[in-house]
Amino acid sequence: MLKYHRSREIKRIIRFIGIRTLIVVISLIIAIYLTIIVANIGGHIDKIMESEVKLRVYARLRNDPTWKALPAEERERIAQSQIQQELKRLGLTQPFIIRSFKYLQDALTLNLGRALYITSGGGSKRIWDIILERLPPTVLLFTTANVLIFFVEIFIGLAASRKYGSKLDKAIVGFAWLSSMPGWFYGIFLILIFAAWLRVLPYGGMVDAPPPEEPHLYALSVLKHMVLPLASWLIAYIPIGAYSRRTFFLLFSMEDYVDYARARGVPPRIIERRYILRPTLPPIITSFVLTLIVSWMGAMVTERVFSWPGLGTLMREAIGINDAPVIIGVITIYAYLLAISVIALDIVYAIIDPRIRVGG
């Protein structure tokens, strides 16, 4: 009987994970395809590229004395021939709707191709090279910010729920409005105060110019440049996070099993750790993981304000000059990271959550 129930439980978990994975994969395909359509403005980018090809071909031929000496009809025939060859090389001779599925196949297989205009610091147009160059600065800054925010708001939220109605609790409720403004908004004021007025911190960038040669001095320079953007995010997002955690912990502290534990004389610290914090960790960790990944794409304005050379800056540049392959590449990487995170969280939930094991 035990083996039978164990087998049914494993089948339920596999079925749950399989369905969730299928849903995530379908969502991933739809999201990437919509990104391709939007990034190419429904095929309008093709017309822009065709115009640029014509301008390049005619500009090159005008500098050729041999071409100038030919009759007008012959010149036009040569120009159109070269234009068609260039369009064929770029794959622009097929209708956009057909090429969009080829773009989708390349994106799903992570064959991101080459950028139209943007290059990496080494001059490469490979989108992988460009993304891998810009990803570490974004991960460094925003992963650090989100980890700090996560632990600080957990600590403050627990402290406030432990002392409901205290001055700390009222302060958290009173300062929650600070999160009505985004991080970059506070960043502007921090730059005015600490960079323009006090002149103790840099205006922006990731490192001093020229960069220090010694590794420890280079690291210190990067840390110095991280102070203001980190501070702007801490000011903007800790108040509402701490308020949310405090409310969350308060709700769990009023459960019947918590009252029963108190009546049995269980020490407050054990009640807090075992009966309040542990049941709330799954949704908190889910929120943390998803926020962490989303922040890598949602930091465009913050990176712009602080001249931080990350993915947000790359996306702004790509959107500004209609570099569709770069936009699609960055969104594809983000979509894969998000999908993998969701599937991993579902697997963890299926293992640790008895409701999923029982209900499938």
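Val200 counts as exposed, because its relative accessibility is 51% and the cut-off for exposed is over 50%. You'll find Val200 in the loop between helix H8 and helix H9 (215-253). Keep in mind that this is a predicted model, so everything below describes a prediction.

**The patch around Val200**

- Val200 has company out there: together with Trp184, Ile188, Phe189, Leu192, Ile193, Trp197, Leu198 and Val301, Val200 makes a nonpolar surface patch of about 860 Å².
- Who chips in the most? Helix H8 (residues 183-197) does, giving 6 residues to the nonpolar patch.
- As a bit of background, nonpolar side chains in soluble globular proteins tend to be buried together.

**The largest nonpolar core**

- Now for the inside: the largest nonpolar core has 28 residues, and the ones touching the most other members are Ile32, Ile131, Leu314 and Val326.
- Five helices each give two or more residues to this core: H1 (2-39), H5 (96-108), H6 (127-162), H13 (311-320) and H14 (324-352).
- H14 supplies the largest share of this core, with 9 residues.
- Which residues does Leu314 touch, leaving out those up to four places away in sequence? They are Ile118, Ile130, Ile131, Arg134, Val326 and Val330.
- There's also a second, separate core, made of 13 residues, and Phe252, Val266, Ile271 and Tyr275 are among them.

**A closer look at H13**

- Leu314 isn't alone in being hidden: the buried residues of H13 are Leu311, Gly312, Thr313, Leu314, Met315 and Ala318.
- Step just past the end of H13 and you meet Asn322, which takes a positive phi of about 60°.

**The whole chain**

- If you like helices, you're in luck: the protein chain has 15 helices and 0 strands.
- How far does the C-alpha trace of the protein chain span along its principal axes? The answer is about 100 × 70 × 40 Å.
- The radius of gyration of the protein chain is 27 Å, whereas a compact globule of 360 residues would come in near 21 Å.
- Of the 360 residues in the protein chain, 39% are buried.
- The protein chain exposes about 20700 Å², and 67% of that comes from carbon and sulfur atoms.
- Take the contacts between residues at least 6 apart in sequence: 71% of them join residues at least 24 apart.

Note on methods
Residues are numbered from 1 along each chain as its sequence is written. This is a predicted model: local features need pLDDT of at least 70, side-chain atom pairs count only at pLDDT 80 or more; totals for chains, interfaces and linings use all residues. Side-chain values use heavy atoms; hydrogens and water are left out. Patches are made of residues with over 30% relative accessible area and no salt bridge: like charges are joined within 9 Å, nonpolar side chains (Val, Leu, Ile, Met, Phe, Trp, Tyr) within 5 Å. Accessible areas come from the Shrake-Rupley method with a 1.4 Å probe; for residues, only the protein chains shown count as cover. A salt bridge is a side-chain nitrogen of Lys or Arg within 4 Å of a carboxyl oxygen of Asp or Glu. Helices (H or I, at least four residues) and strands (E, at least two) are DSSP runs, numbered from the N terminus. Buried means under 20% relative accessible area, exposed over 50%, partly exposed in between (1.4 Å probe, protein chains only). A nonpolar core is a set of buried Ala, Val, Leu, Ile, Met, Phe, Trp, Tyr and Cys residues joined through side-chain atoms within 4.5 Å. Contact means heavy atoms within 4.5 Å. The radius of gyration is taken over C-alpha atoms; the globule rule is 2.2 Å times the number of residues to the power 0.38.
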